[in-house]
Amino acid sequence: MTEKEILEKLKQSAESVMIPESLAPDKILEKCRNLEQEKTGESREWRKKFLFGNPKLAGGLSAAAVFIICCISLWGMKNFEPESGMAEGAAAADTTMSSEACMMDEAAGGEAGAGESAAQEGGADAGAKEKEIDRKNAGDLYILAESYEAVYKRLDKIKEKRDRSMEFGDMADGAAMAEDSLSTGGTEEMRKEMTVKEAAEKESGGHSETNVQTFGIDESDVVKTDGEYIYLLRGSKISIISAAEDEMKLVGELEADPKSASADICAMYVDGDLLILAVQESLTTLNRADDGEDMAYYDIKYMDTDMTTSVLTYDISDRSSPVLAGKMTQDGSYVTSRKDGSIFYLFTGKYLLDDYEKKPADAIPEVNERKIAEDCIYMGEQGERALIVSSLSVNRPGEPRDSVMILDNGSEVYMGEDSLYLYRANYQGMSETTEIARFSLTAGYMNGEAAVSVRGTIRDTFAIHEKDQKLRVLTTDASGRERENCLFLLDEKLKLTGKLTGIAAGESIYAARYLGDMAYFITYRNTDPLFAADLSDEKNPKLVGELEITGFSEYLHFWGEDKLLGIGYETDSKSGEQKGLKLVMFDMSDPADLKVLGSRVLKEAAYSPALYDYKAVLAEPGENLIGFVTENYGRNAKRIYELYQWNGESFERILAENLGDKYGNENYRGIYSGDRFYIAHPEIVRYYDRADYGLKQTLETGQQ
């Protein structure tokens, strides 16, 4: 019987069936509303708009339609298996993460609510069902391992190659090179671009958020605020400062692991009454070497150090007394992390060869003391380093939802709305390419989809961008006789649909941004061309605008619907000599006729962390605030936090605070909450009244 015939029979049967009151349309809608309220994250907002934003649609659900939905759900339950949970007995019985750890929730209502008790979080969700994931390769770049033996064979080959290199004395510290190639910042992660209209229409009186690469995907930072409190990350401690009263106060403090001398908090996130931390720790043990017959009279010991990273989730409903609600631990040192709604992603890195040489089985990384399953391991063509990726729900903080291992030499991480991309530069001979792999993300579960190589290398964090599961990439190719820049458009399978090459010969891409079907990017040699490319025809992208000015921008930020803010340097057009930091506002209302609306050169400023760390930039068009730290290296060296606003024609400076040199130039953040403005650092917070930006209070947290 076909699907159509099944549905027709269900429809006919529904007309003669008495519908229980609990399945009446209004009751079903009420349940759906309650379940939807438990979900968080921009990627789920469309469901609310579709179902509850259309009264005609909601009111028109008939009893027959509800019956069909219920029948289909019941019919499908045959294919589901109940969630295994994380009971201690089960963990003791099986210390290997089986394919159950690679399952996808098919919960009747989706994510568990934020009000779950700690006891419930550790066990199975009563309404959750699971379906086994059909793991796939990520093209030819990352192939699923057939077994642990396949991993051991790969490590054997790597070991043999390393030993031969050492024998001939030509090994150029490959391990260190691989370590450096795995990014822990800079060009890290993903970009679902928020429309500039949404950015411009943000209601005044709210609070600032971390400047991120992908709208809707949160990133860690050393300073966070939820509007009422400010959270400061300092080493192994978190300080919580009240920000809702006229006077700041230290209301709470916690230490990640007071019993450890090596614990270091690498990431911090705030989600309502939850505080999520990624904590890295060195575990050093003194082991006895295996004695051979000729070593029987010697007691040889050696120190062995392993890096682990834990996700600690605290209940901070009482800010003065945070309570640990859950802990997940995985092997490896911290690389990066992301948070998409209620799903947290942890990325760690671990070299496998040392453990493999001692005992092959020890080379397989563990998550919560369970080895990653054989069918959750991807192998690249080379590399002894494992990138371990785990996801967990913040509502079930001690239990990993999915864990995979990717074996390669190190890649950059970019996360889009529904996809994870790993990319790395590949230099062979005179050619340079970028290898990119796409993994789909579904409710926290990761699966290989495709891979591709493109000419050139990605030079800017925002030069890679996903829209509707399609990828846009801007590269600079220096392998030819003359350097050139390229734009590649790729579909969901990373197949090339269109490209532009030969852009700005002799120059390099310094900054980029994508908005809708437009790409804007800066190249530089001695002058600063801003290019606009129309991507609406994915087979035939076109350069539609070009504007040349002196200097160059290292960072671009959309400002309202028709403007683009640039932060960079002013330079001499002939010599290239830098003449200070520069703010510039571009008019992009007509991409074919780009214009400069105004600029300001900060002649005394020689450097700003904002040029290389987008989290150090405060750029809020809805609040008309542009803030960052500047440094002057001259005779009267100064470190200043500067705050500007755009008046339609020029940049007006509304605050210039001399920060001194006690706490360095990094980790300062400009944040606001309602009519309050703060210059926050993990060691010190300054509070200003936004009416006149007069300093009202200074609080040094390190001295509390």
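**Figure 1. Cysteine C266 is partly exposed, while C486 is buried.**
C266 comes out at 24% relative accessibility, so it lands in the partly exposed class. C486 is at 0%, and therefore counts as buried. The cut-offs, with a 1.4 Å probe and protein chains only: buried is under 20% relative accessible area, exposed is over 50%, and partly exposed is in between. This is a predicted model, so local features need pLDDT of at least 70 and side-chain atom pairs count only at pLDDT 80 or more, while totals for chains, interfaces and linings use all residues. Residues are numbered from 1 along each chain as its sequence is written, and side-chain values use heavy atoms, with hydrogens and water left out. As for disulfides (a pair of cysteine sulfur atoms within 2.5 Å), the count is zero.

**Figure 2. β6, β7, β8 and β9 make an open antiparallel sheet of four strands.**
Strands here are DSSP runs of E, at least two residues long, numbered from the N terminus, and two of them pair if DSSP finds at least two bridges between them. Read across the sheet, the order is β6-β7-β8-β9. At the edges sit β6 (223-225) and β9 (249-255), each paired on one side only. From one strand to the next the twist averages 20°; the axes behind it are lines fitted to C-alpha atoms, with angles running from 0 to 180 degrees between N-to-C directions.

**Figure 3. Two hairpins meet in β7, one formed with β6 and the other with β8.**
Start with β6 and β7 (residues 229-234), which run antiparallel and are joined by three bridges. T225 has I230 of β7 as its bridge partner. Three residues separate the two strands, and G227 in that turn has a positive phi of about 100°. On to β8: it pairs with β7 over six bridges, again in the antiparallel sense. This hairpin has two residues between its strands, and here the turn residue with a positive phi, of about 65°, is G235. How many residues of β7 are buried? Five of the six are, so the strand is largely enclosed by the rest of the structure.

**Figure 4. S239 is a buried residue of strand β8.**
S239 belongs to β8 (residues 237-242), and in the pairing with β7 it is the bridge partner of L232. Its relative accessibility is 0%, so it counts as buried. The S239 side chain also makes a polar contact of 3.0 Å with the side chain of E253. A polar contact is a pair of N or O atoms within 3.5 Å; within protein, one must be able to donate a hydrogen and the other to accept it, and residues adjacent in sequence count only if both atoms are side-chain atoms.

**Figure 5. An open sheet of seven strands has mixed pairing.**
The strand order is β4-β18-β20-β19-β15-β14-β5, with β4 (143-144) and β5 (217-218) as the edge strands. At the β4 edge, two bridges pair it with β18 (residues 377-379) in the antiparallel sense. Look for I143, whose bridge partner in β18 is M379.

**Figure 6. Tilted aromatic pairs, F552 with Y569 and Y641 with F677.**
The structure holds 20 aromatic pairs. F552 and Y569 form one that is tilted, at 5.8 Å centre to centre with 50° between the planes. F552 lies in β33 (residues 552-559) and Y569 in β34 (residues 563-571), so the pair ties together parts that are 17 residues apart in sequence. Both F552 and Y569 are buried. In the pair of Y641 and F677, the ring centres are 6.3 Å apart and the planes are at 50°, so this one is tilted too. It links distant parts of the chain, 36 residues apart, with Y641 in β39 (residues 638-646) and F677 in β42 (residues 676-681). Both Y641 and F677 are buried. F552 and Y569 also belong to one aromatic cluster with Y510 and Y524. Rings of Phe, Tyr and Trp (its six-membered ring) pair if their centres lie within 6.5 Å; planes under 30 degrees apart count as stacked, over 60 as edge-to-face and the rest as tilted.

**Figure 7. Arginines sit over the rings of Y351 and F462.**
R385 lies over the face of Y351, at 5.2 Å from the ring centre. Over the face of F462 lies R513, at 3.9 Å from the ring centre. A charge sits over a ring if NZ of Lys or CZ of Arg is within 6 Å of the ring centre and within 35 degrees of the ring normal.
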